[in-house]
Amino acid sequence: MPLSLLLLALASVPSSQGVAPSPVPPPGVHAVPPREAALLTANASRATPAVPLEEGEETEEVESESAELEELRALEGATLDPEAKPNAEMMQSLRRLGLTNPLRLRMLDALEEPTFREDDTAPPLARITDLANFDISQVKDRYDIPVDMQPRVAEYIQFFQGPGRKWFRKWMARSTRYLPVMQPILEAKGLPRDTVYLAMIESGFSANAYSWAHAAGPWQFISSTGKQYGLKQDFWVDERRDPIKATHAAAAYLKDLYGELGHWYLAWAGYNTGSYRVRKMVQRYGTSDFWVLAEERGLAKETKHYVPKLIAAALVAKNPTAFGFSEEEFQYEDTLEYDEVKLTDATDLDVVARAAGVSVQDVQELNPELKRWCTPPATAAKPYVLKLPRGTTTLFAENLKKLSPSERLTFRVHTVKRGDTLSQIAQKYGTAPEAILQMNRLKSARVLKVRAELVIPVPASGRGGSGDGGGAIATKVAQARRSGMVATRPEDEIPAGTPRGPVAAGPVKTEKVNGKTRITYGVQEGDSLWLIANRFQVSVDDLKKWNNLPKRNRTLSLGTLLAVWPPDAKGAAPAKVEERGGTIVVANAVAGQAPVGPKGARVHTLAEGETLWSVSQRYNVSVEDIMKWNHIKDHRTVPTGKLLSLSAP
């Protein structure tokens with residue numbers, strides 16, 4: 001539009017903000033040329049000095065006149081240099097008019113500058129029913145990542161519309177929580193904002209997602225890559241689960257991948273399978289075209305589908321109605337908002353929640369990196385930064401000071417040793433087993449793993465145990481029981497490090513043959529000759545002889561029927577063999593029942609399938625003693641057939 005016509009058009013458009021329309025010269029009267037008119041008006045505006053307003057004087061008239069002045073300044077810039085694009089000052093003037101100001105909209109229309117319409121959203125797409133003929137160029141300018149319509153992209157769109165619809169709904173619901181905080185981080189790191197949809201296909205924006213490959217968090221970092229990019233993983237925290245920290249790490253990783261591989265499609269593929277494999281594919285086939293590489297051998301199926309899945313997710317997420325979703329299908333979550341507090345000591349999350357006036361779940365949801373029911377140990381020099389719901393930090397600080405020692409807990413870390421049980425550990429620290437379960441998020445602990453670490457809650461007041469009715473430990477016990485965490489009775493606990501093994505329990509048939517008792521036993525999964533021999537108190541060698549088994553036989557086939565001739569004449573019942581937590585315990589079997597060796601000592605020949613532990617259980621001696629008496633350094637290397645002394649030399 002010629003500028004002279006622009007000015008006349010603007011002058012003739014009525015203003016809805018109380019601005020008088022500019023006069024149009026009557027026929028026969030020459031109008032002032034537009035450039036001069038703008039300059040004259042500008043000079044006139046500068047001739048009257050602005051008077052500062054007192055508070056409360058911002059009337060409609062003042063706003064209207066201010067808007068006219070902004071319009072004038074913008075027009076002046078365009079008039080003086082019609083070929084130039086509006087400058088930064090003009091942009092600032094336009095913004096000050098307000099997003100809905102008619103004068104601003106008239107200016108934008110007249111200037112025909114779509115680049116300055118940052119407030120305008122793209123018009124919605126019409127419903128897309130024919131993906132095969134969908135013109136992707138209609139939407140490419142809505143993305144800052146490359147998007148192509150390929151057959152696999154269409155397949156994923158159809159998947160999201162059909163079988164994967166319920167999952168996509170969840171992803172979309174969570175997206176409103178995380179996009180506003182993740183996208184600015186990506187942009188600040190120099191990445192396209194729409195890279196955020198990689199987190200959508202990785203985890204559905206779930207901080208708690210954990211994969212078969214042990215990848216965790218919204219960006220699904222494996223442990224090694226997470227550590228490489230600064231995500232701490234220890235006894236207390238796993239920062240891969242923190243959406244903010246993990247996004248910073250993902251941005252750095254993706255930026256490195258893009259710098260190495262040169263295209264976002266290849267960078268995404270590298271995120272899934274590693275840059276080395278993608279780089280080798282590029283070198284092998286002489287192309288950086290992902291779609292060509294995806295048709296060749298060398299990339300896993302998951303990687304070939306990774307890029308089209310991301311594109312499909314981005315297409316649908318930004319245009320859900322065009323792809324058959326209704327807004328009513330999405331229960332959008334609120335944007336992630338929080339305040340931060342610095343803690344100088346390990347603090348119970350229950351105490352944190354009560355002090356802040358929120359639920360423990362609220363605290364946990366904002367701090368998914370926490371692996372325990374408390375924050376990590378910290379100091380004034382190195383505090384732990386905890387997220388709290390927006391607006392609760394002042395209340396938290398005030399209430400935390402008021403808590404008495406009986407309501408506070410301190411924490412110890414216990415490394416499980418062989419022979420430990422939960423009740424013994426609780427007694428050692430003056431706490432309750434249920435409190436230990438609750439702090440470590442364990443449902444039960446009948447058997448503890450050797451070298452596992454447990455956080456032990458200890459009353460700050462020095463009083464502990466389940467009898468501390470009003471104390472913090474009692475609160476923990478109550479919470480644990482409400483959550484279904486119940487400590488195992490001490491008599492049912494299995495000491496840590498107790499080897500596990502099945503008890504021979506296959507089908508048994510007892511019959512008399514020539515006046516002797518014969519038992520027919522069917523081999524079950526997990527059976528060994530030693531297990532069966534112990535059940536019926538016979539030797540492994542006898543089992544082999546009775547059943548014509550080779551001397552070096554190592555395996556038994558399921559369903560094999562073995563003949564067993566028990567030692568007692570009546571054959572009433574085999575020796576009592578108990579299973580305690582998967583551990584075989586032979587009752588009434590003591591070292592005195594072992595055969596006597598050449599020097600009068602009790603001895604035992606190690607049979608196939610036996611271990612020092614099984615021998616110790618059979619003869620009621622310790623593994624340590626057997627190793628000492630027989631000068632054994634490594635219990636794992638004792639050969640079958642070794643003659644073991646079962647008493648001190």
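Relative accessible area sorts residues into three classes, with buried meaning under 20%, exposed over 50% and partly exposed in between (1.4 Å probe, protein chains only). On that scale Asp-234, at 25% relative accessibility, counts as partly exposed.

This is a predicted model, in which local features need pLDDT of at least 70 and side-chain atom pairs count only at pLDDT 80 or more, while totals for chains, interfaces and linings use all residues. Residues are numbered from 1 along each chain as its sequence is written, and side-chain values use heavy atoms, with hydrogens and water left out.

**Salt bridges**

A salt bridge is taken here as a side-chain nitrogen of Lys or Arg within 4 Å of a carboxyl oxygen of Asp or Glu, and a search of the whole structure finds 18 of them. The table sets out three of these pairs.

| Basic residue | Acidic residue | N to O distance |
|---|---|---|
| Lys-232 | Asp-234 | 3.7 Å |
| Arg-279 | Glu-260 | 2.2 Å |
| Lys-545 | Asp-542 | 3.8 Å |

In the pair formed with Asp-234, Lys-232 has 46% relative accessibility and so counts as partly exposed.

Arg-279 forms a salt bridge with Glu-260. Because Arg-279 lies in helix 12 (residues 275-285) and Glu-260 in helix 10, this pair ties together parts that are 19 residues apart in sequence; helices here are DSSP runs (H or I, at least four residues), numbered from the N terminus. Arg-279 is partly exposed with a relative accessible area of 29%, and Glu-260 is also partly exposed, at 38%.

Lys-545 and Asp-542 both belong to helix 22 (residues 540-546), where a spacing of 3 residues separates them by about one helical turn. Lys-545 is exposed at 57% relative accessibility, whereas Asp-542, at 27%, is partly exposed. Elsewhere, salt bridges that share partners join Arg-165, Arg-169 and Glu-329 into one network.

**Helix 10 against helix 11**

Helix 10 (residues 243-261), which carries Glu-260, also meets helix 11 (residues 264-273): their axes, lines fitted to C-alpha atoms over the stretch in contact, come within 8 Å and cross at roughly 125°. The two helices are therefore oblique to each other, a class that holds the angles left over once those under 35 degrees (roughly parallel), over 145 (roughly antiparallel) and 65 to 115 (roughly perpendicular) are set aside.

The contact, meaning heavy atoms within 4.5 Å, includes Tyr-253, Leu-257 and Leu-261 of helix 10 and Trp-264, Trp-268 and Gly-270 of helix 11.

Technical notes. Axes are lines fitted to C-alpha atoms, for helices over the stretch in contact, and angles run from 0 to 180 degrees between N-to-C directions.
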